[in-house]
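Dear colleague,

Please find the structure below, followed by my notes on what was found in it. I have tried to give each criterion where it is first used.

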Amino acid sequence: MMRTGETDATFVRVCARNEVTAKAATIVHTGRHEVALFEVGDDLRAYENCCPHQGGPIGEGIVDGQTVTCPWHAWCFDLRDGQMTIGDFARLRAFEVRVENGDVYVAAEPVPE
């Protein structure tokens, strides 16, 4: 683990940068959370691997460009901000991501809502 003075959040090394691709999520663990990592353009986004609808594994969903579709009930989310694409009533829980020296670090706790 490493500490960063910017947000005072604890970050956990979860994988090498080249293990994350745009075609599918990479599932990792940050302490007590299972997180789905997504490549969106040149950026990485991390969300709790749990659809807010009924807890489906969002990281097992279909990735199409900047959207992921939950495999359980087809709820769709914009990977740029985690917002549901057809309404403003659901959002994926986001985690901060850092890339340093070819390694990916994810915050141990989600971004406060």
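Why is the sulfur of C50 not in a bond with the closest cysteine sulfur? The closest one belongs to C51 and lies 7.3 Å away, which is too far for a bond. A search of the whole structure finds zero disulfides, a disulfide being a pair of cysteine sulfur atoms within 2.5 Å. C51 is likewise in no disulfide, the nearest cysteine sulfur, that of C70, being 3.9 Å away. As for accessibility, C50 is partly exposed at a relative accessible area of 31%, whereas C51 is buried at 2%; here buried means under 20% relative accessible area, exposed over 50%, and partly exposed in between, with a 1.4 Å probe and protein chains only.

Before going further, please note that this is a predicted model, in which local features need pLDDT of at least 70 and side-chain atom pairs count only at pLDDT 80 or more, while totals for chains, interfaces and linings use all residues. Residues are numbered from 1 along each chain as its sequence is written, and side-chain values use heavy atoms, with hydrogens and water left out.

Turning to the charged side chains, the count comes to eight salt bridges, where a salt bridge is a side-chain nitrogen of Lys or Arg within 4 Å of a carboxyl oxygen of Asp or Glu. One of them joins R32 and E109, at 3.0 Å from N to O. This pair links distant parts of the chain, 77 residues apart, since R32 sits in the loop between β3 (26-30) and β4 (33-40) and E109 in the segment after β11 (103-107); helices (H or I, at least four residues) and strands (E, at least two) are DSSP runs, numbered from the N terminus. R32 is exposed, with a relative accessible area of 67%, and E109 is partly exposed, with 39%.

Another salt bridge is formed by E113 and R93, whose closest N and O atoms are 3.8 Å apart. E113 lies in the segment after β11 and R93 in the loop between β8 (76-78) and β9 (94-95), so this pair ties together parts that are 20 residues apart in sequence. E113 counts as exposed at 86% relative accessibility, R93 as partly exposed at 32%, and a network of salt bridges links both of these residues with E48. There is also a salt bridge between R98 and E96, with the closest N and O atoms 3.4 Å apart; R98 is buried at a relative accessible area of 19%, while E96 is partly exposed at 26%.

The loop between β8 and β9 also holds Q83, which counts as buried at 12% relative accessibility. The side chain of Q83 makes a polar contact with the side chain of R91 at 2.6 Å, a polar contact being a pair of N or O atoms within 3.5 Å where, within protein, one must be able to donate a hydrogen and the other to accept it, and where residues adjacent in sequence count only if both atoms are side-chain atoms. Leaving aside residues up to four places away in sequence, Q83 touches several others, among them C76, F77 and D88, contact meaning heavy atoms within 4.5 Å.

Finally, three strands form an open antiparallel sheet in the order β6-β7-β8, two strands being paired if DSSP finds at least two bridges between them. The edge strands, β6 (62-64) and β8, each pair on one side only. Three bridges join β6 to the antiparallel β7 (residues 67-69), and V63 stands opposite V68 in β7.

With best regards
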